[in-house]
Structure formats: C-alpha cells, structure tokens
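Visitor: Hi! I'd like to talk through this one with you. Could you put it up on the screen?
Guide: Happy to, here it comes.

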Number of protein chains: 2
Amino acid sequence: MSHTLGLRQAQKQKTRQALLDAALGLLEDQSLSSLGLREVTRAVGVAPTAFYRHFRSTADLGVALVEEALGSLHPMIRTIVSSAGDSDQRIERAVELIDRHVQTHPAHVRFIARERHGGVQSVREAIQGQLARFAEEVTDALAKDPVSEGWDDEDLLMLANLYVDQMLITASLFLDVLEAPEEQRHRVAQAATRRMRLISIGREHWLEG
Amino acid sequence: MSHTLGLRQAQKQKTRQALLDAALGLLEDQSLSSLGLREVTRAVGVAPTAFYRHFRSTADLGVALVEEALGSLHPMIRTIVSSAGDSDQRIERAVELIDRHVQTHPAHVRFIARERHGGVQSVREAIQGQLARFAEEVTDALAKDPVSEGWDDEDLLMLANLYVDQMLITASLFLDVLEAPEEQRHRVAQAATRRMRLISIGREHWLEG
DNA sequence: CCATGCAGTTAACAACTGTTCTCTGGAATT
DNA sequence: AATTCCAGAGAACAGTTGTTAACTGCATGG
C-alpha cells in the first residue's frame, strides 16, 4: 500500500513530524489557542514561512495532532474490549493498560484532555468525532456480550459513552500523578478500578429495576 | 459583616467586576492561556495599565474567575445532596438542576470545563482544590445515607468523586446543546439521567460482591 | 479645608506576532 | 542533459503584546 516515497517527500514528512513533535512539547504548559506558529518553527530550527508548507494554521496542526494522539489510542481500546476473563480481571487489565499508555504517551494524553474542551473549535470537533467512533466500537463489543442481553440500543450507547469518559478521566488522573511516588500512583489505580467495578455492578443489575 | 464601602471602593469593585465579566466573555472562544490583558481592558473601555490595580496577571484573574464560577455552583450541590425522595426522583431533580444552572451560567460552566485541564497551572490547581471540597461535602452527605451503611471511607470518597465528575460531564454535555432544538436537549437529559441511574444501581449492590 | 491616597490615564519601550512576496538550491521528471 | 517543481530561506510589513514611568483628578481622613 505505501509507496517508498522519494527523498523529496521523505524529508518533507520528517520536518512535518518535527513540527508536530515540537508543538506537542510546547503544549505541555499552554493551550493550543495560545500556540504561535513562529514558536513552533523556532523550536524546530526552521524558517517561520516553512510552516505553511505543512499546515494552514496552528488550528490545522492541532487537528493533525488529534489524529496522531487518538490514533495511538485506538488499538488500546480494541485490546480492552476484546479482552477475555471475568469482569474483575478485565477491569484490572484495562486500568493497567491505561496506566501504561499514559506512561508511554503522556503528551498525547495531556493534549486530548486539554483540548477536548479547549478554545479551538475545529480541534474540539475532531476530538468529539473520534471519541464518537470509539463509543460506537465499544457499543458493538457490548452488544455481543451476554451480560447485555435484552438491552436496547440507547442504553448500550449510554454505557459505551460512560466507559469512554471513564477511560479519559482515568488517563487524566494517571497523568496528574505521573511523577508522584509509587504509593500515590497505586492509590489512583485502585480508585479507578473501584469506579469501573461499581459501573460494572450497575450494569449487571440494570434490567432488574 | 460587610461594611458599606465608600464610593471609592465601590467604583473599584465595579471595574474589577467589569474586567471579570469581559474576560469571561472573551473566553467563550479561546483559552485563558491566550487571553491578553490588553484584550480585556479594551473590552471594558479602560486603560491597559488599570488592569494592574486589580490583578497581577491574567492567570491571577483566572483564579478569581474560579472562585466566582465554582462559588455559584456550591449552593447547587448543597441542594442536590440534601434533596429528599427516592433514588429516581433525586436523580431527575439533580439533572434538571444542572440543566438550569447551565442555562443561567453558561460562561461559568464553559470556563470550568475548559480550564480544568487547561494550560494555566495556578488555575488548574484552584479548580482541583474547589472540586476536592465538593467531593468532601458529597462524601459527608453520602455517609449519612442509609444506603451507604457498611461502606469504608475510601469507597465513599470514590463514589463522591464519581458523582462530581459526572456532574461536570453532564454540565458540559448540556452546554454543547445549549442552542440546539428542544428534542436534542431532551435526549441529553435522558442519557444523563440513565447514567446516574446506572451508577445508583451499582451503589445499591456494591456490598454484595 | 487641606493633605494624603490611590484608581485610572497617557506615552513610550522593546519584543513579538501572522502573513506576503521574492528568491534559491536540489530533487524529480522528461 | 535540460527543464520543471517545490520545500525551505530571507526580508519586510503592520499590528499586537506586557511592562515601566510619570501624570492627573477626585474621594477620603485629619
């Protein structure tokens, strides 16, 4: 599928990626709406005008970052929903997977958490679009689970959204304690596990009331 | 308790409030980290330097906005937790209260949702501090509820945090459909109600497993 | 009634921003 | 080998930013 692109295109994608990486770094302590294009090019060591060869604006760059950040999250979600074992085992594995992902992609997680409700409309929309796709995927997985027998579509989607939001909240909490001592990080993991467990219990008794 | 302050102080607080209001308006489509002090003073119709009579920086103004925004939320939380009736009735009333609050204070809700994970550290910390106080308050209310008999403190705090996060998510969802047709707004209310109900069911069966 | 305090003004500063136009060197195409 | 293409450089633009300093006028307290 992928052509072995010429030196030309290869170099272009290289600086494009450099711009994305530099931006992600700068966004550690500011929001996208205050990120300047000169700031980014300066960090890469390239002329300000070179920016336009890759992005129309910093908002445009932001949308590209959404693809990158949530693209890396997609396989994780697949792994979680297709996980085997009983409820508690699956929850523990999910929390651990989220923890790992935050440790390996902290900047991506921070970017999504920050810009999900951030000041740039196009980026907010891009994130919401991707999250809607995640929820859809989770819904499909839930529908195949025997626990969800008798559930109508609206309730399945409701639960899927609850899970997706919970995943993001958990990721954000792990991010807050990234540099904290192991003991505190463990407490966050335990609290997240309990949250998921309570939701899981609610799910099992949903059709009783 | 409150002195009838002189004309002097009265006028000062007036322009201070004007600065806060103008900032809140400007933050409708940008983040605090990109809000300039000149931008704010221009919107108020006052000299840029006047800003310093009230705030050290825009970050400082942001912290003041946190007090204002979450201060107005505090009484609402009290009303919700002290609400009487069975579980479903309380949930419906809570969702409706949140809906009302979003309609009457949309800018406040947007500000909190945006800056909770935003690019300004001092503001993030201020918000987290206030939310921790909310969770504490909810914990106390839960402890007095017969449904929570036998729960340990950690689980109570876990549930309280879950409720607080859920409240913010719900508020943010209402915000997204503020200008949407009634039908869509109703669907959001229903989904939020169901979420809360599922959590409530999980709560009732928590000690069984 | 006079002296002090202080909210807000005016002017100026160096530094920074996004965007346009023109140019260049080397890869890609023929 | 000659030609086209295009990622990136360079310079210049008008406009913006935060911050400093010295000021003015009016409410305040003696």
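Visitor: What share of the DNA strand D atoms within 4 Å of the protein belong to sugar or phosphate?
Guide: Sugar or phosphate accounts for 47% of those atoms, and the rest belong to bases. Keep in mind that this is a predicted model.

Visitor: Okay, and which residues come nearest to strand D?
Guide: There are 20 residues around DNA strand D, and the nearest are R8(A), A47(A), H54(A), L7(B) and R38(B).

Visitor: What is the side chain of H54(A) doing there, in distance terms?
Guide: An N or O atom of the H54(A) side chain is 2.6 Å from a phosphate oxygen of strand D. On chain B, R8(B) also has a phosphate oxygen of that strand 3.1 Å away, but from a backbone N or O atom.

Visitor: And which part of the strand does the R38(B) side chain meet, then?
Guide: A base nitrogen: the distance from an N or O atom of the R38(B) side chain is 2.4 Å. As for elements, those giving two or more residues to the surface near strand D are α1 (7-26) of chain A, plus α1 (7-26) and α2 (37-44) of chain B.

Visitor: Which one gives the most?
Guide: That's α1(A), with four residues. By type, the surface near strand D has seven charged, seven polar and six nonpolar residues.

Visitor: Does a record say anything here? I mean, where does UniProt place the "DNA-binding region" of chain A?
Guide: An unreviewed UniProt entry puts it at residues 36-55 of chain A. In the model that span is 40% helix and 0% strand, with its end C-alpha atoms 13 Å apart. The "domain: HTH tetR-type" feature, also from an unreviewed entry, is placed at residues 13-73 of chain A, a span that is 62% helix.

Visitor: New topic: the largest nonpolar core. Which residues touch the most other members?
Guide: Of its 60 residues, L65(A), L70(A), I98(A), F111(A), L159(A) and L198(B) do. The biggest share of this core comes from α7(A), with twelve residues.

Visitor: What is L159(A) in contact with, beyond its sequence neighbours?
Guide: Leaving out neighbours within four places in sequence, L159(A) contacts L142(A), W151(A), I199(A) and R203(A), as well as L198(B) from the other chain. Apart from this core lies another one of 58 residues, including V95(B), I98(B), Y163(B) and M196(B).

Visitor: And what do nonpolar side chains tend to do in general?
Guide: In soluble globular proteins, they tend to be buried together.

How values were computed. Residues are numbered from 1 along each chain as its sequence is written. Chains are lettered from A and ligands numbered from 1 in the order in which they are written. This is a predicted model: local features need pLDDT of at least 70, side-chain atom pairs count only at pLDDT 80 or more; totals for chains, interfaces and linings use all residues. Side-chain values use heavy atoms; hydrogens and water are left out. A residue is near a molecule or strand if one of its heavy atoms lies within 4 Å of it. A polar contact is a pair of N or O atoms within 3.5 Å; within protein, one must be able to donate a hydrogen and the other to accept it, and residues adjacent in sequence count only if both atoms are side-chain atoms. Ala, Val, Leu, Ile, Met, Phe, Trp, Tyr, Cys and Pro count as nonpolar, Asp, Glu, Lys and Arg as charged, and the others, Gly among them, as polar. A nonpolar core is a set of buried Ala, Val, Leu, Ile, Met, Phe, Trp, Tyr and Cys residues joined through side-chain atoms within 4.5 Å. Buried means under 20% relative accessible area, exposed over 50%, partly exposed in between (1.4 Å probe, protein chains only). Contact means heavy atoms within 4.5 Å. UniProt positions are given in the numbering used here, feature names are shortened, and annotations may be inferred rather than shown by experiment.
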